[in-house]
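Biologist: Could you show me the structure you have, so that I can ask a few things about it?
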Amino acid sequence: MATLIDGKRISQEIKDELKAKVEALKEQGKEICLAVIQVGNDPASTVYVGNKKKACAYIGIKSLAYELPEETKEDELLELIKKLNDDDSVHGILVQLPLPKHMDEDKVIDTISPAKDVDGFHVQSVGALSIGRPGFVSCTPAGIIQLLKRSNIEIEGKECVVIGRSNIVGKPMSMLLLRENGTVTVCHSRTKNLKEVTKRADILVAAIGKPKFIDASYVKEGATVIDVGIHRQENGKLCGDVDFESVEPIAGAITPVPGGVGPMTIAMLMNNCVEAGERA
Ligand code: NAP
């Protein structure tokens, strides 16, 4: 039976550490502030933005909400971002994705000052990660590194296999595991003999976007299995990219869905905001 990696507990631990840090900064006269911009009213985005505001309130970070109508012009959004870039009382800027189709997401993200890019999506942040310079790191993979470290799972020298190469999960995940001295292989939809590769992994990260894709036949006995996927099943329950029932009996450690990787994303966003405030 695998050890359960408890993302709920670990994310709470991180949020409590941040809360103490924010209090100490307040005593020194510094209030951390995050600006959250939502364009349109996509229901999923509204839920995500609401959760981010709640986390800010818990930790003591001031949040500024900008709710712009769907028909907002790209130039208007860029002007708002530039205004927030120049505002010294704002430490982090987050633009909730996806944006409406008439906007160029890359252009919008690259308008955010890298010093305030708490999502870690700016081209400069991504470049800094790949050459080992300081910068903000995408929150989900940064959260996975925390899950591993705080569960005392060693990365150095380990065979790490990441399935998925998206810009927000797979690619930054592989760079972070490399930074921690793992031996990293990245798989994707064109990978041949996927099982042969994944069965070598001491640490297997599944970020595929396909429900219960990874069953026990992909996993080496005793491996650590990190499940990034989130899917709503027909019965209303959530599941991941990993078939938990099949993999859990042979894994050494495993993240559940829900309660594994999910809660870490917001905790790391809050961590990036506090870091942005400290650096400012
Ligand atoms: P994505 O952009 O759709 O990327 C999926 C990746 O999986 C792609 O690189 C794709 O390869 C690869 N892939 C697809 N089918 C494959 C197959 N049969 N064999 C091997 N590789 C395959 O997804 P994402 O944004 O990275 O997200 C992945 C999952 O994580 C989703 O379920 C998403 O909802 C979830 N997620 C969770 C959090 C969280 O906070 N927990 C955050 C972000 C995402 P190609 O590049 O060749 O197409």
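Modeller: What follows is a short talk through the ligand site, the two sheets and some backbone details, and please keep in mind that this is a predicted model.

Biologist: Let's start with the ligand, then: how many residues surround the ligand, and which are the closest?
Modeller: There are 22 residues around the ligand, and the closest are Arg165, Ser166, Ser189, Val228 and Thr265. By class, this shell divides into 10 nonpolar, 10 polar and 2 charged residues.

Biologist: And what does Ser189 do with its polar side-chain atom?
Modeller: A polar atom in the side chain of Ser189 sits 2.5 Å from an oxygen atom of the ligand. For nitrogen, there is a ligand atom 3.1 Å from an N or O atom in the side chain of Lys210, and a nitrogen atom of the ligand also lies 3.4 Å from a polar backbone atom of His188.

Biologist: How much of the ligand's accessible area does the protein cover?
Modeller: On its own the ligand has 930 Å² of accessible area, and the protein covers 71% of this.

Biologist: Switching to the fold, in what order do the strands of the 6-stranded sheet run?
Modeller: That open sheet has the order S1-S11-S8-S7-S5-S6, with parallel pairing. Its edge strands are S1 (3-4) and S6 (183-187), each of which pairs on one side only.

Biologist: What about S7 and S8, how many bridges do they share?
Modeller: Strand S7, residues 203-206, and strand S8, residues 224-227, pair in the parallel sense over 4 bridges, and within that pairing Val205 has Ile226 of S8 as its bridge partner.

Biologist: Which strands does helix H7 touch?
Modeller: Helix H7 (residues 170-179) packs on this sheet and touches S5 (159-163), S6 and S7, while the direction of H7 makes about 170° with that of S5.

Biologist: Now the other sheet: what is the strand order there, and why do S3 and S4 each have one side without a neighbour?
Modeller: It is an open sheet of 3 strands in the order S3-S2-S4, again with parallel pairing. Strand S3 (62-68) and S4 stand at the edges with a single partner strand each, so one side of each is left without a neighbour in the sheet. On average, and ignoring direction, neighbouring strands of this sheet are turned by 15° against each other.

Biologist: Which residue does Ala35 bridge to, and which helix lies across these strands?
Modeller: Ala35 has Ile93 in S4 as its bridge partner, and S2 (residues 33-39) pairs with S4 in the parallel sense over 4 bridges. Helix H2, residues 43-59, lies across S2, S3 and S4 and runs at about 170° to S2.

Biologist: Last topic, backbone details: which peptide bond before Pro98 is cis, and where is Pro98 found?
Modeller: The bond from Leu97 to Pro98 is cis, with omega near 0°, and Pro98 is in the loop between strand S4 (92-95) and helix H4 (105-109). The peptide bond from Val257 to Pro258 is also cis, with omega near 0°, and Pro258 has its place in the loop between strand S11 (253-254) and helix H10 (262-279).

Biologist: And what is the phi of Asn152?
Modeller: Asn152 has a positive phi of about 60°, although it is not a glycine, and Asn152 lies in the loop between helix H6 (139-150) and S5.

Technical notes: Residues are numbered from 1 along each chain as its sequence is written. This is a predicted model: local features need pLDDT of at least 70, side-chain atom pairs count only at pLDDT 80 or more; totals for chains, interfaces and linings use all residues. Side-chain values use heavy atoms; hydrogens and water are left out. A residue is near a molecule or strand if one of its heavy atoms lies within 4 Å of it. A polar contact is a pair of N or O atoms within 3.5 Å; within protein, one must be able to donate a hydrogen and the other to accept it, and residues adjacent in sequence count only if both atoms are side-chain atoms. Accessible areas come from the Shrake-Rupley method with a 1.4 Å probe; for residues, only the protein chains shown count as cover. Ala, Val, Leu, Ile, Met, Phe, Trp, Tyr, Cys and Pro count as nonpolar, Asp, Glu, Lys and Arg as charged, and the others, Gly among them, as polar. Two strands pair if DSSP finds at least two bridges between them. Helices (H or I, at least four residues) and strands (E, at least two) are DSSP runs, numbered from the N terminus. Contact means heavy atoms within 4.5 Å. Axes are lines fitted to C-alpha atoms, for helices over the stretch in contact, and angles run from 0 to 180 degrees between N-to-C directions.
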